[in-house]
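Subject: Structure for your review

Dear colleague,

Please find below the structure that I am handing over to you. My findings follow directly after it.

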Amino acid sequence: MKWSQTLIPTLREAPADAEILSHKLLLRAGLARKLAGGVYTFLPMGLRALRKVEQIVREEMDRAGALEVLMPALQPSDIWRQSGRYETAADVLFKIKDSGDREWVLSATAEEVITTLTAGEINSYRQLPKNFYQISVKFRDEIRPRFGLMRAREFIMKDAYSFDTDDEAAQKTYQKMYDAYARIFARCGLKALAVEADTGVIGGKFSHEFMVPAETGENEVVFCEKCGYAANLEKAVSAAATAAGKAGAAIDKFATPGVATIAALARPPFNVPAEQQIKTLVYIANDKPIIILMRGDDQLNEAKLAGKIGSTVFRAATAGEIFAALGAHPGSLGAVKGTARGAFAGAVLADERLRGAAGMTTGANEDGFHLRNVSMERDVAVSQWADLRTVKAGEPCKNCGAAVQIRRAIEVGHVFKLGVKYSEKFNALYLDEAGNRKLAVMGCYGIGVTRTLQAVIEHCNDKDGIIWPISVAPYEVCITPLEVDAGSEVMKTAEALHAGLLERGVDVILDDRDERPGVKFKDTDLVGFPIRAAIGGKSLARGEVEIKPRGGAMQTAKTGAALETIVQLVKSRAQG
RNA sequence: CGGAGCGUAGCUCAGCCUGGCUAGAGCACUUGCUUUGGGAGCAAGACGUCGCAGGUUCAAAUCCUGUCGCUCCGACCA
């Protein structure tokens, strides 16, 4: 390929709407352009890199025995109703109507489609296991698309769905996918960490996310360096000590005028440490208020709450709703028996960390008053205990007791063990050896292909631009002649090298633009080609070509040996 | 969905507060000349419904209202 014939619209300055580095580089290097919020066009360089990521994914999925298929992006809404996700995933589904007013859902994922398919096509244990995958465009009506390809409304995902005869076989498939994922991300030049994860709206038994550590990541990962425990903050648990306190004393109501926060009560003149306070949260779930009790210094983890109540459809109550339920305003709320002066009749969920706590202080459900010497066992009618708190850095690891750390990360892949959730809904049954009808056991496995691409950029760059791992680079080699007059020795040498590399199967681009050397070097660095071969009058006079790995040291090769040197360099980098 | 900010040339932005001649700069683009090893110089040129709609005014990029779009923060801590 000749540079002048493709389109690589590099930008000296980043567009103002790009915030994070990888997003800026995506635009500056001319890889993609935004059409609308969270919707991008891939330009030639971006598409080439994307295709290489896809190819790595494809090779590893094939190697793991998965079968590539292609499912429709346009899905009848009926199947989403059948799975129940028409409601539970309503906020992320794009819905459209055809001219006959029939409603369709744009594919956000494909459990419904694949399970419908297998229900019809798979009838016997002899046909199992099967694992189907596709690499296709997905649509999600993100509340807030951001950071370029990181969180987009339309993106490319590899999604796979496995069907096994039983749990044990499904576990093996899960492990196979887990291993394939580790290879995929390693081949893309990423250090991805597998962490325990929340199953979210997809549901299922358990799951792991593959996370690439990055300051700009949208997820937080709790991990223990000592024993290797790693989990998404939404799921993580620690061995944090339970609440303590002296029991026995009778409840004492005291005036706290103007005190409306945990912090205010912790200050003089009250001096009640946050860990001796009970925080009372009011949520509306299924249109009814529920109370959630946390230790004062703990934070509610909404993902855990969602898991506990089995729905993501809940929200914090408004001040008005709270007053109606408890007869007091935020700041003086509590759950001590008999104190609610409103119409509250809902559930009281308490965080496990409060179990057995005594000598606690909490709101009196009367504005300007709190209660002290509160004992959870004696004074509070808890309807359900649950782990609802968010782990904090430095708490002891639940496995080994060492202090856990928290880092931000980008989620590039997610593997789920689904069980029979969808098999049941869609009657994905097979006959076993004994002729019994059984439900296929499913797993599902996703990789955000476009997000992975941007994660590579976020991970591999310097002040001059992108530094592509050779495995996903748009071109492996860029030849940079410093004179481009047809027939000049420099250009003839460059063209010969270009032709030779093409013949040897190297992905190569020839920068034949009549630009000054500085412009060419800057652009080549910005786009991030792994190897640059520069040919100028000076080097050619010495009979040499200058070969410079991006981000590495320059070396020279005699013109006659340049081809072989570059081929070897490409090979060694591809293996490394 | 709540809050904040921003929409002026392909990109980065100035001008707006305090309304007033023909709406500007840098980069990019076109042409010519000079230059040519890390984003060159000179000259000439082209490029704008100032997001859109309405209003106020003798006069609106500028003030007001609405609307659309984009970005960021939040959407637990009572």
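Two strands are taken as paired if DSSP finds at least two bridges between them. With that in mind, Leu74 stands opposite Leu106 in strand E6. Please note that this is a predicted model.

**The sheet of E4, E5 and E6**

Strand E6 covers residues 103-106 and is joined to E4 by three bridges, the two strands running antiparallel. They belong to an open sheet of three strands with the order E4-E6-E5, in which the pairing is antiparallel. Strand E4 (74-76) and strand E5 (95-97) are at the edges with a single partner strand each, so one side of each has no neighbour in the sheet. On average, neighbouring strands of this sheet are turned by 40° against each other, direction ignored.

**The five-stranded sheet and its helices**

A further open sheet holds five strands in the order E16-E14-E15-E17-E20, and its pairing is mixed. The edge positions are taken by strand E16 (314-316) and strand E20 (384-386); each has a single partner strand, so one side of each is left without a neighbour in the sheet. From one strand to the next, the twist averages 30°.

Within this sheet, strand E14 (residues 278-285) and strand E15 (residues 288-295) run antiparallel and are joined by eight bridges. Thr280 has Leu293 of E15 as its bridge partner.

Two helices lie across strands of this sheet. Helix H8 (residues 302-309) lies across E14, E15, E16, strand E17 (348-351) and E20, and runs at about 135° to E16. Helix H9 (residues 319-326) lies across E14, E15 and E16, at about 105° to E14.

**Domains**

For chain A, the domain assignment gives domain 1 as 16-69 + 121-237 + 406-457, domain 2 as 252-386 and domain 3 as 475-575. The centres of domain 1 and domain 2, taken over C-alpha atoms, are separated by 38 Å.

**Helix packing**

Three helix pairs may be of interest to you.

The first to be described is that of helix H2 (residues 44-63) and helix H6 (residues 167-187), whose axes come within 9 Å and cross at roughly 155°. Angles over 145 degrees count as roughly antiparallel, and H2 and H6 are therefore roughly antiparallel to each other. Their crossing is right-handed. On the H2 side, the residues in contact are Ile56, Val57, Glu59, Glu60, Met61 and Arg63, and they meet Met177, Ala180, Tyr181, Arg183, Ile184 and Arg187 in H6. Sorted by class, this contact has seven nonpolar, no polar and five charged residues.

Next come helix H13 (residues 489-503) and helix H16 (residues 559-575), with axes that come within 10 Å and cross at roughly 35°. H13 passes H16 in a right-handed crossing. Thr493, Leu497, Gly500 and Leu501 of H13 make the contact with Thr559, Ala562, Leu563, Ile566 and Val567 of H16. By class, there are six nonpolar, three polar and no charged residues in the contact of H13 with H16.

Finally, helix H1 (residues 21-28) packs with helix H12 (residues 449-459) at an angle of about 105°, the axes being 8 Å apart. Since angles of 65 to 115 degrees count as roughly perpendicular, H1 is roughly perpendicular to H12. In H1, Leu21, Ser22, His23, Leu25 and Leu26 meet Gln454, Ile457 and Glu458 in H12. The contact of H1 with H12 has four nonpolar, three polar and one charged residues by class.

**Backbone geometry**

Three places in the backbone should be recorded as well.

- Leu128 and Pro129 are joined by a cis peptide bond, with omega about 0°. Pro129 is in the loop between helix H5 (111-121) and strand E7 (130-139).
- The peptide bond from Pro268 to Pro269 is cis, and its omega is near 5°. Pro269 is in the loop between helix H7 (262-266) and E14.
- Phe147 is not a glycine, yet has a positive phi of about 60°. Phe147 is in the loop between E7 and strand E8 (154-164).

With kind regards

Technical notes
Residues numbered from 1 in each chain as written. Chains lettered and ligands numbered in written order. Predicted model: local features only at pLDDT ≥ 70, side-chain atom pairs only at ≥ 80, totals over all residues. Heavy atoms only, no water. Helix = DSSP H or I, 4+ residues; strand = E, 2+ residues; numbered from the N terminus. Axes fitted to C-alpha atoms, helices over the stretch in contact; angles between N-to-C directions. Contact = heavy atoms within 4.5 Å. Parallel < 35°, antiparallel > 145°, perpendicular 65-115°, else oblique. Left-handed = near helix turned anticlockwise from the far one by under 90°. Nonpolar A, V, L, I, M, F, W, Y, C, P; charged D, E, K, R; others polar. Domains from an automatic or database assignment.
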